[in-house]
Amino acid sequence: MTYVMILPKNEHAQSRMTEDCDAAMDLLFLAVKEILQIPDSDIILELTRCTTVAFNRSAVDAAVAPDVVLTFATSDRDLQPRFETLCDRVLSDWNDRFGDLKLEVWVSLIDAWAANTEA
C-alpha cells in the first residue's frame with residue numbers, strides 16, 4: 001500500500017491543486033503505479049487543504065519555502081531502491097505541468113500493522 005498526500009502550503013497552491021486536481025492525481029498515480037509497480041487498489045491519493053499559517057523568516061528570505069509538499073508513504077521496504085527513480089519522475093512530470101509551483105517530495109517507509117478495511 002502506498003499513501004500519497006498533496007499538501008498545499010499557500011492559498012495559491014491550494015487553488016491551483018483544486019482546479020487541476022485530476023491532473024495532479026493522475027500524474028502521481030501513474031508515477032506510483034509505473035515506478036513502484038503497485039496495483040491500482042493499493043494506491044491512495046489525498047489532496048489536503050492548506051493549513052500553513054507562516055514559514056520561518058530565514059526560509060522565506062532564502063526562497064526555499066515550498067508551495068506544495070508531496071508525501072509518499074509505504075510499508076513495503078522492498079520498494080526503497082525505487083524511491084530515487086520515483087522522485088525523479090515526479091519532479092520531471094510536475095515541472096512539465098505545474099512548474100510555477102515550488103515542490104518538495106518526501107518518500108518514507110512506515111511501520112504498518114493492520115487496517116480495518118473489508119476485502
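**Helix packing and local environments in the predicted model**

With neighbours up to four places away in sequence set aside, Q37 makes contact with V32 and R82. The structure described here is a predicted model. Q37 is situated in the loop that runs between α2 and β2 (43-47). Its relative accessibility is 58%, over the 50% limit, and Q37 is therefore classed as exposed. The backbone of Q37 shows a positive phi of about 55 degrees, although the residue is not a glycine. A further relation links Q37 to L79: the two residues are 42 positions apart in sequence, and their C-alpha atoms are 9.0 Å apart in space.

A positive phi, near 55 degrees, is also found at A63, again a residue other than glycine. A63 belongs to the loop between α3 (57-61) and β3 (68-74). The relative accessible area of A63 is 48%, which places it in the partly exposed class.

The packing of helix α2 (residues 21-36) against α4 is described next. The axes of α2 and α4 are 10 Å apart, and the two helices pack at an angle of about 155 degrees. Because this angle is over 145 degrees, α2 and α4 are roughly antiparallel to each other. Their crossing is right-handed. On the side of α2, the contact is formed by A23, A24, L27, L28, L30, A31, V32, E34, I35 and L36, and on the side of α4 by T85, L86, R89, V90, D93, W94, R97 and F98. Sorted by class, the residues in this contact comprise 13 nonpolar, 1 polar and 4 charged.

R89, one of the α4 residues in this contact, was examined individually. R89 is located in helix α4 and has a relative accessibility of 22%, so that it counts as partly exposed. Apart from residues up to four places away in sequence, R89 touches L30, A31, E34 and I35, and these four residues are listed among those of α2 that form the helix contact. The C-alpha atoms of R89 and V53 are 30 Å apart in space, with 36 residues of separation in sequence.

Aromatic pairing was assessed with a limit of 6.5 Å between ring centres. The count under this rule comes to 1 aromatic pair. The ring centres of W94 and F98 are 4.7 Å apart and the ring planes stand at 40 degrees, so this pair is tilted. W94 and F98 are both in helix α4 (residues 83-98), where a spacing of 4 residues corresponds to about one turn of the helix. Both residues of the pair are buried, and both W94 and F98 take part in the contact with α2.

The C-terminal residue of α4, F98, is also in contact with D20, as is R97, when the neighbours of D20 within four places in sequence are disregarded. D20 occupies the loop between α1 (11-19) and α2. Its relative accessible area is 18%, under the 20% limit, and D20 is therefore buried.

Two residues of strand β1 complete the description. L7 lies in β1 (residues 2-8) and is buried, with a relative accessible area of 17%. Not counting residues up to four places away in sequence, L7 touches T48, D67, V68, V69 and T71. The C-alpha atoms of L7 and R49 are separated by 7.0 Å, although their positions lie 42 residues apart along the chain as a sequence separation. T2, which is likewise part of strand β1, has a relative accessible area of 1% and is buried. With residues up to four places away in sequence left out, T2 touches V32, L36, I38, D42, I43, I44, A73 and T74. Among these contacts of T2, V32 and L36 also belong to the α2 side of the contact with α4.

Technical notes. Residues are numbered from 1 along each chain as its sequence is written. This is a predicted model: local features need pLDDT of at least 70, side-chain atom pairs count only at pLDDT 80 or more; totals for chains, interfaces and linings use all residues. Side-chain values use heavy atoms; hydrogens and water are left out. Rings of Phe, Tyr and Trp (its six-membered ring) pair if their centres lie within 6.5 Å; planes under 30 degrees apart count as stacked, over 60 as edge-to-face and the rest as tilted. Buried means under 20% relative accessible area, exposed over 50%, partly exposed in between (1.4 Å probe, protein chains only). Axes are lines fitted to C-alpha atoms, for helices over the stretch in contact, and angles run from 0 to 180 degrees between N-to-C directions. Angles under 35 degrees count as roughly parallel, over 145 as roughly antiparallel, 65 to 115 as roughly perpendicular and the rest as oblique. A crossing is left-handed if the near helix is turned anticlockwise from the far one by less than a right angle, and right-handed if clockwise. Contact means heavy atoms within 4.5 Å. Ala, Val, Leu, Ile, Met, Phe, Trp, Tyr, Cys and Pro count as nonpolar, Asp, Glu, Lys and Arg as charged, and the others, Gly among them, as polar.
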